[in-house]
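I sat down with this one to look up a handful of local features and jot down what I found. Here are my entries, in the order I made them.

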Amino acid sequence: MNTGQPLFDRISIRQLKTFALVYELGSLVKAAQRLSVTQPAVTKRLRELERDLNVALFHRASRGVEPTAFAHTLFAYATTVLSTLRTAEGAIEAIRDGDGGSTVIGVSPVATKLVARAAIALKARHPNIHVRIETGSYEALLSGIESGSIDLAVARFGTRQNDKRLTRRVLADEPLRVITRADHPVIATAPKTLTDVAHCEWVLPTPDEVVRPEIDQAFRRAGLDMPRKLIETTSISMTRELIAFGNALTISPRLIYFDDFEANAFLALPVELPIRLNPIAVTWRRNATMNPPAGRLLTAIEEAASELA
C-alpha cells in the first residue's frame, strides 16, 4: 500500500535487482538460481515490491511468469538504477584498490577467441581487475546490457540494429568460409563451389543456431540438398575435433579456429559462399557511464580485434 512516502523510501535495491532478474528471465526459479536464494525468497521480495507500489507486476503463465504493463514501465527505470549503481561500485573499487574494480562482459561463441585474448591482455596490465565472462545468445546478452547486469557484449549483432539506447562498435566483419584440416583429400580436387564438396562429410551448427539458416540457404541457392553425411552440434570444440581428426568440413568464420590456422592445421577452401552476415561488434548502453574497468576491457577488446584481423 502506498503510504505517501517517496518511492525511494519504500523499495530496496535488493527488490529491484530481484524484480529485474525475474523480468529478464521470465521465471522465479531461474531468478532464484541466479541470486543463489530460494524461490520463496524471490516470491517474498516481489510481493513486498508489489505491496509498496500497490500494483501487480507479474501474472503466472504456463512457463513461468509474464510481466504486466506496470512491470514494463518499472523495468525501464530499474535497469537505469542498477546499471548506475554497478558503475559507481566499479569506480569506487578502482579507487580503493588502486587499479582494481570489476566488470562483466557477455560473449557469443563466435567471439570467444577475441574476448579471451582481450581478457588475458587486460589481466597482464591490470591484474587487480576482476572480470566475469558470461556466454549466451545475442538476445540474451542484450537483455543483460539493458538490465545493467552486463557492461559490454561482444557478438555478431542481429536485430535492433537501430536501437538508439545502444552503442555498437564494429570489431570484425569476417565472412563465412568452408574450413577443413590442411591435409584433407578434397583439397587435391581444387574445389570452387559447394557442388564440388557437397559429397564430403560435414559438421554444421544445429538448426536453431543463428548462422544455420544462412548455411541452409547457401546450399539451396546452389541447387543442393543438405549433405547426407552430416553431423550437427552446438559445440565449437566438438566441431574442431571432428575436423582435426576426421574428414569433416564445416562452414564458419576463420576467427573461431584462429589458432589452428596459425599452426597451419586448418585452411579455408576457395569455395564461394553467397552468405553475408552482420559483423561482430561490441555493444554497451549509450547513456550509461562506463566504469573504469569496463573502459579498460573495451580498449583491450579493440586491440585484440586488430591483432586477429
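**Before starting.** I am working with a predicted model.

**Entry 1: helix α7.** I began with α7 and asked which of its residues are buried. My list reads Y138, L141, L142, G144, I145, E146 and S147. That is seven of the 10 residues in the helix, which spans 138-147, so I noted α7 as largely enclosed by the rest of the structure. I also looked at what comes straight after it: G148 follows α7 and has a positive phi, near 85 degrees.

**Entry 2: strand β3.** Next I went to β3, residues 102-107, and found six of its six residues buried. I checked the two faces separately. S102, V104 and G106 lie on one side, T103, I105 and V107 on the other, and both sides are covered. This fits a textbook pattern I like to keep in mind: in a regular strand the side chains alternate between the two faces of the sheet.

I then looked for a partner of β3 and found β4, residues 130-135, paired with it in the parallel sense over six bridges. As a landmark for the register I wrote down G106, which stands opposite E134 in β4.

**Entry 3: the loop before β3.** G100 sits in the loop between α5 (69-97) and β3. Is G100 buried or exposed? Its relative accessibility is 0%, so G100 counts as buried. I also took a distance from here: G100 and K113 are 13 residues apart in sequence, and their C-alpha atoms are 24 Å apart in space.

**Entry 4: α6 against α12.** K113 belongs to α6 and is part of the contact with α12, so I turned to that pair next. The contact brings K113, L114, R117, A118, L122 and R125 of α6 up against R296, L297, A300, I301, E303, A304, A305 and L308 of α12. By class, the residues of this contact are nine nonpolar, no polar and five charged.

For the geometry, I took α6 as residues 112-125 and α12 as residues 292-308; their axes come within 8 Å and cross at roughly 125 degrees. That angle makes α6 oblique to α12. The crossing is right-handed.

**Entry 5: H126.** I stayed in the area to look at H126, in the loop between α6 and β4. With 17% relative accessibility, H126 counts as buried. Which residues does H126 contact, leaving aside its neighbours within four places in sequence? I found D99 and R296. R296 was already in my notes, as one of the α12 residues that meet α6.

**Entry 6: α2 against α3.** I looked up a second helix pair, α2 (residues 13-25) and α3 (residues 28-35). Their axes come within 8 Å and cross at roughly 130 degrees, which makes α2 oblique to α3. α2 passes α3 in a right-handed crossing.

On the α2 side I listed K17, T18, L21, V22 and L25, and on the α3 side L28, K30, A31, R34 and L35. The contact residues divide into six nonpolar, one polar and three charged.

**Entry 7: the five-stranded sheet.** What is the strand order in the open sheet of five strands? I read it as β9-β8-β10-β7-β11, with mixed pairing. The edges are β9 (230-232) and β11 (266-269), each pairing on one side only. From one strand to the next, the twist averages 35 degrees.

Inside this sheet I followed one pair in detail. β7 (residues 176-181) and β10 (residues 248-253) run antiparallel and are joined by four bridges. I used I179 as my reference point here, and its bridge partner in β10 is T250.

I also looked for a helix on the sheet and found α9, residues 212-221, touching β8 (201-204), β9 and β10. The direction of α9 makes about 150 degrees with that of β8.

**Entry 8: positive phi outside glycine.** To finish, I collected two residues. A190 has a positive phi of about 50 degrees although it is not a glycine. Its place is the loop between β7 and α8 (194-197).

N264 is the other entry on this page: its phi is near 60 degrees, again positive in a residue other than glycine. I found N264 in the loop between α11 (258-262) and β11, β11 being one of the two edge strands from my previous entry. Is N264 buried or exposed? Its relative accessible area is 63%, so I put N264 down as exposed.

Methods. Residues numbered from 1 in each chain as written. Predicted model: local features only at pLDDT ≥ 70, side-chain atom pairs only at ≥ 80, totals over all residues. Heavy atoms only, no water. Buried < 20%, exposed > 50% of the residue type's maximum accessible area, 1.4 Å probe, protein only. Axes fitted to C-alpha atoms, helices over the stretch in contact; angles between N-to-C directions. Parallel < 35°, antiparallel > 145°, perpendicular 65-115°, else oblique. Left-handed = near helix turned anticlockwise from the far one by under 90°. Contact = heavy atoms within 4.5 Å. Nonpolar A, V, L, I, M, F, W, Y, C, P; charged D, E, K, R; others polar. Pairing = 2+ DSSP bridges.
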